[in-house]
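Trainee: I am new to this structure and would like to go through it piece by piece. Where do we start?
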Amino acid sequence: MAADRSPIIFWYRRDLRLRDNPALHWASGQKKPVICLFIFDEHADWPLGEASLWWLHHSLGSLARDIKLAGNQLRLFAGDTETIIDQVMSDTGARSIAWNRRYEPHAIEIDKRIKARYQQQGIEVYSAAGNLSHEPWQVTKENKDPYRVFTAYWRASLKHDNLPVTPIVKTIPNTRKKLPKEQSLDSLELLPTLPWAGEFPAHWTPGEAGAANNLKTLLKSRITAYDQARDIPASPGTSQLSPHLAFGEISPRQINASVATKLKNKTLIRDDNVNTFLKEIGWREFAYHLMYHYPHTVDQPLDARFKKFPWKKPKAKEIERWQQGNTGIPLVDAGMRQLWQTGWMHNRVRMIVGSLLIKNMGYHWLEGARWFWDTLVDADLASNTMGWQWVAGSGADAAPYFRVFNPVRQGERFDPQGDYVRQWVPEIAGLPNKHIHSPWTASAAELQQASIILGETYPNPIVDLKLSRVEALDRFAKIKTHIK
DNA sequence: TGAAATGTTGGGGCG
DNA sequence: ACGCCCCAACATTTC
């Protein structure tokens, strides 16, 4: 009897890489042809936003080239996930399918259903841990409860070894067979129709090589100032790895392993800079831990008292001012414009714009979460959910309700020279440093000197920071006393 | 991964 | 030289 040459389907999802890809590695080692499959399904629970689609287009292009070098081809499809997989299964006669796990509640549901159905048909389903340093259920308290406070989670996770890095896949056994309904990358029409992402390429190189390059340059030099520099929005202090991680072009395990190697070589010293960077990767792990254990939090508060919180009814004009960076509060506007123009916003500024929307303006955190989801190239359901619930005070390890950011003070502390504001809000660049974060405090002469007419060339502030803060404290203090 | 209000301390100007 | 006031700088408390 001839050897079984039925192909294996490797289903790419958010793991668009050949390095440290355990399920692909497994599939490629089975001495059978591998079908590298990617399905664009618009009907997910949180369908990809515009910025993510831009990224996905380029990332798939990069992945397709890498797969070609490995002797195979990336096969693209669009439509309903389960229908397409069934179709590909029957078209190819595959008896086996492999993937790296996903952790979004809806994705878990789909994957479970597919797995159960195929296993019943005697089809092999191989799922692996691909996208985290630890599976979300591995790090728990003694009594198996999930952690709800980051520092406790982080301490515990350091006691677990990271999952091992899988060797790079160099060759993927192929079958040249063309499949029905296979599509070209362009025909997926992922790119935005508006000429909005024009500046993205100046900031980003989607794909595995771009990811590796960002890690390399970080560890080569920027890491030695990471602890301080990462908090300064005007400085290139952050890793710039977030979108690469979001699409799985690099894994946290590769990051940890690279750092570990450098520490061993003594080309890097374990100091606050290194620890803080690793901790940031840990925050991402914690976000997945939370989403896995509290899946409802993607659109419901973890703290039940927030269910009856009196959020303001959305006023489109106000929300738009926030989205477009016309709130009249320079640091907030700078952040929102950076987001719009580059698909990314510095993390400190994310907290500040979020605090303004939720606390000072009074809107539900989901208003902000949805906008971020649409405009961030690094949109990630776990991190986005955790971040917004942190600001709102309704999540795990959330900021206490009374913690309201003052964007003027934050500007003075983290953008003291106003470099960040001047870059993104050029119409007020002529103000002296003293007033760059609060144009409304400048004298008539200073405004004239800087060619600013408040309310015309630059908006008056959308809220009175002092008053809206007091009102927010009132509203938030009330739910504190509600039933637990 | 706060901010503002309130309290405390200590140096300098000044009569 | 001394007490007094002012106020910056820092610490503590409160929201």
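Mentor: We start with a term: domain bounds come from an automatic or database domain assignment. Keep in mind that this is a predicted model.

Trainee: Which domains does the assignment give for chain A, and how many Å apart are the C-alpha centres of domain 1 and domain 2?
Mentor: Domain 1 covers 8-130, domain 2 is made of 132-165 + 208-293, and domain 3 covers 304-480. For domain 1 and domain 2, the distance between the C-alpha centres is 25 Å.

Trainee: How many residues of domain 1 are in contact with domain 2, and how many of them are charged?
Mentor: The contact involves 15 residues of domain 1 and 18 residues of domain 2. On the domain 1 side, 6 residues are nonpolar and 3 are polar. The charged residues on that side number 6.

Trainee: How many helices and strands does chain A have, and what is its radius of gyration?
Mentor: Chain A has 20 helices and 5 strands. The globule rule gives 23 Å for 484 residues, and the value for chain A is close to that, so the chain is as compact as a globular protein of that length. The radius of gyration is 24 Å.

Trainee: What percentage of the contacts in chain A link residues 24 or more positions apart?
Mentor: The count takes the contacts with a separation of 6 or more. Among these, the share from residues 24 or more positions apart is 77%.

Trainee: Is strand 4 enclosed or open?
Mentor: Strand 4 spans residues 96-100. On one side Ser96, Ala98 and Asn100 are buried, and on the other Ile97 and Trp99 are buried. Since 5 of the 5 residues are buried, strand 4 is largely enclosed.

Trainee: Which strands pair with strand 4?
Mentor: One partner runs parallel to strand 4 and is joined to it by 3 bridges, with Ile8 opposite Ser96. Another also runs parallel and is joined by 5 bridges, with Asn100 and Ala128 as bridge partners. These partners are strand 1 and strand 5.

Trainee: What is the bridge partner of Tyr12 in strand 2?
Mentor: Strand 1 (residues 8-12) pairs with strand 2 in the parallel sense over 5 bridges. Strand 2 covers residues 34-40, and 6 of its 7 residues are buried. The partner of Tyr12 there is Phe38.

Trainee: Is Ile97 buried or exposed?
Mentor: Ile97 touches Ile9, Trp11, Tyr118, Ile123 and Val125, leaving out residues up to four places away in sequence. A residue needs 20 or more other C-beta atoms within 10 Å to count as buried. Ile97 has 25 C-beta neighbours inside 10 Å, so it is buried.

Trainee: How far apart in space are Ile428 and Thr457?
Mentor: Ile428 lies in the loop between helix 18 (419-424) and helix 19 (444-449). With 25 C-beta neighbours inside 10 Å, Ile428 counts as buried, and residues it touches include Pro330, Ile436 and Tyr458. In sequence, Ile428 and Thr457 are 29 residues apart. From C-alpha to C-alpha, the distance is 8.6 Å.

Trainee: What is the phi of Lys144, and is Lys144 buried or exposed?
Mentor: Most residues other than glycine have a negative phi. Lys144, in the loop between strand 5 (124-128) and helix 5 (150-158), is not a glycine, yet its phi is positive, about 80°. With 7 C-beta neighbours inside 10 Å, Lys144 counts as exposed.

Trainee: Where is Glu189 found, and what is its phi?
Mentor: Glu189 is in the loop between helix 5 and helix 6 (200-203). It is partly exposed, because 13 other C-beta atoms lie within 10 Å. Although Glu189 is not a glycine, its phi is positive, at about 50°.

Trainee: Which residues surround DNA strand B, and how many of those near it are nonpolar?
Mentor: The surrounding residues are Phe150, Trp283, Phe402, Arg403, Val404, Phe405, Asn406, Arg409 and Gln410. By class, the surface near DNA strand B has 2 polar and 2 charged residues. Its nonpolar residues number 5.

Methods. Residues numbered from 1 in each chain as written. Chains lettered and ligands numbered in written order. Predicted model: local features only at pLDDT ≥ 70, side-chain atom pairs only at ≥ 80, totals over all residues. Helix = DSSP H or I, 4+ residues; strand = E, 2+ residues; numbered from the N terminus. Rg over C-alpha atoms; globule rule 2.2 N^0.38 Å. Contact = placed C-beta atoms within 7 Å. Nonpolar A, V, L, I, M, F, W, Y, C, P; charged D, E, K, R; others polar. Near = placed C-beta within 6 Å. Buried ≥ 20, exposed ≤ 12 C-beta atoms within 10 Å, placed from the backbone. Pairing = 2+ DSSP bridges.
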